[in-house]
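Work through the exercises below with the sequence and the model open beside you, and try each task before you read its solution.

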Amino acid sequence: MKELNIELADILEVESVTDDEILNSFENWDSLSILSLTAFVDKNYNIQISNDDLSDVKTLADIKNIIAMKN
Amino acid sequence: MNLSFKGKKITDIVSVVPENVSRFVDELHQYSFPVEKSLKLKDIMGFNEHRVAPEDVTAADMCEFGFNYLVDSKGLNPASIDALIFISHTPDHFVPPTSSILHGKLGLKEDCLCFDINHGCAGFIVGLQQAFMLLENVGINRVALLNGDTLSRKVSKKDRNSYPVVGDAGSVAIIENSSDTNPINVFTKNRGKDSLVLKIPAGGSRMPSTHETSILKDIGDGNFRSLDNLEMEGASVFAFVQSEVPKMVDEILKTEGLNKDDIDFFVLHQPNRFMLEKLADKIGVSRNKVPNNIVENFGNSNSVTIPINITFNLKNILTSNRSTKLLLAGFGVGLTWSGLVLDINNINTCELIEFKKEIK
């Protein structure tokens, strides 16, 4: 799921994002970036992420776990 | 579920919007976010202009204005209305039904059914379905379907996720029996277990409005809301729409024996531009066939977005002789999602008008 790191870096307008970086530490991690990432996951993996799913998300690794669990 | 009807048609649709235009660029100071960050949302979500009704104008006022327009300019006879349906989240009062108030104001006959339905995003389709069911009864030949909302007063002005997208509006559709016996199939599904993902927490019996429920609080992301305001779980609603609406479109087309190419326009409820572009991609049709310009011009007015979409974008084509095939679909509050295919040509009225206060 390397493309998720690339997409998220694009959304956050940074060079790169690792799996373990705290998403809240990025200036651009906001409701729009969350929606953009949710849309990317929907389009590429056909997996829908709800607000409940997102409540415990701190890193990209957490999002990858959700995708793996729902797959 | 799927309900099937025969011999029904919409003869007139009029949408009514307030004159007052409010612009996103003039509202940026309301939000706690840096201006450049807010401006990024402008193009992506379609935040631009929206219509906001004056404080003393209600959804019912706009519906009344639209109905009177049909009477005064299009020759509609009020005595021909056998049933009136008013669909809204923003009634004039809890008691009496707003449909009763409108029945009086519009001068309808006493042999007329009246009822209110509390519904939102799917409300136009829900209303059509009710009208079709009523028209199955001998004695009911013409139904007035009134949709209206003043959502601008239900969202917080300091909530950048909601205020820029909402708009106030009303609409009137006249539905009657027709000699055209082509079946009309209406698809509807409900998922009540998720009903609270889109809600106004306070103001009803479960949590009456008090001083406390009116206090604006930072919900954690820089947006300020009170319990009297509309709130939604954005990701959950997005997930629901992207997952269920394409499936509904496929099922409707299957029932009708049609392909995506047979549909001239997909007239969908208008939450925001972003969602509609993603939805068009997911359904697998060109974005040109899925008009998404209502939020940027008028705002999301709940169940009125489909009538506005029709009257703003399709007036010329629907008043022509050529038959146009539309797939209408609403989705959201409830959670309810519903849709149908309609063939329309030579419609009597397909107009978008501005509300003007009558000077008495």
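**Exercise 1: the surroundings of one residue**

Leaving aside residues up to four places away in sequence, Asn185(B) touches Asn2(B), Ser4(B), Thr255(B), Glu256(B) and Leu340(B). Keep in mind that this is a predicted model.

Task: Determine in which strand Asn185(B) is found, and decide whether Asn185(B) is buried, exposed or partly exposed.

Solution. Begin with the position along the chain: Asn185(B) belongs to strand 9 of chain B, which covers residues 183-190. Next, count the neighbours, which gives 15 other C-beta atoms within 10 Å of Asn185(B). A residue is called buried at 20 or more such atoms and exposed at 12 or fewer, so Asn185(B), with 15, is partly exposed. Finally, look for a partner far away in sequence: Leu342(B) is 157 residues apart from Asn185(B) along the chain, yet the C-alpha atoms of the two are separated by 9.0 Å.

**Exercise 2: the two faces of a helix**

Task: Find which residues of helix 1 of chain A are buried, and explain why they line one face of the helix.

Solution. First locate helix 1 of chain A, which spans residues 2-12, and mark its buried residues Leu8(A), Ile11(A) and Leu12(A). Then look down the axis of this helix: the buried residues fall within an arc of 85°, and therefore they line one face. The general rule behind such a pattern is that an α-helix has 3.6 residues a turn, so residues three or four places apart point the same way.

Now turn to the face directed away from the buried side, where the exposed residues Lys2(A), Glu3(A) and Ile6(A) are carried. To see what the buried residues meet, follow their contacts, which lead to helix 2 (31-45) and helix 4 (60-70) of chain A. As a last step, move past the end of helix 1 of chain A to Glu13(A), whose phi is positive, near 55°.

**Exercise 3: the contact between the chains**

Task: State how many residues each chain brings to the contact, and identify which helix of chain B gives the most to the side that touches chain A.

Solution. Count each side in turn: 14 residues come from chain A and 14 residues from chain B. On the chain B side, helix 2 (35-46), helix 6 (234-256) and helix 7 (273-283) each supply at least two residues. Of the elements on that side, helix 6 of chain B gives the most, with seven residues. When the residues of the side of chain B that touches chain A are sorted by character, they divide into five nonpolar, five polar and four charged.

**Exercise 4: the two chains as wholes**

Task: Describe what helices and strands each chain has, and check each radius of gyration against that of a compact globule.

Solution. Start with chain A, which has four helices and zero strands and reads α-α-α-α along its sequence. For its 71 residues a compact globule would have a radius of gyration near 11 Å, and the 11 Å of chain A agrees with this. Buried residues make up 23% of chain A.

Continue with chain B, where there are ten helices and 17 strands. A compact globule of 360 residues would have a radius of gyration near 21 Å, and the 20 Å of chain B agrees. Buried residues make up 49% of chain B, whose C-alpha atoms fill a box of roughly 60 × 50 × 35 Å along the principal axes.

Technical notes:
Residues numbered from 1 in each chain as written. Chains lettered and ligands numbered in written order. Predicted model: local features only at pLDDT ≥ 70, side-chain atom pairs only at ≥ 80, totals over all residues. Arc of directions from axis to C-beta. Contact = placed C-beta atoms within 7 Å. Nonpolar A, V, L, I, M, F, W, Y, C, P; charged D, E, K, R; others polar. Rg over C-alpha atoms; globule rule 2.2 N^0.38 Å.
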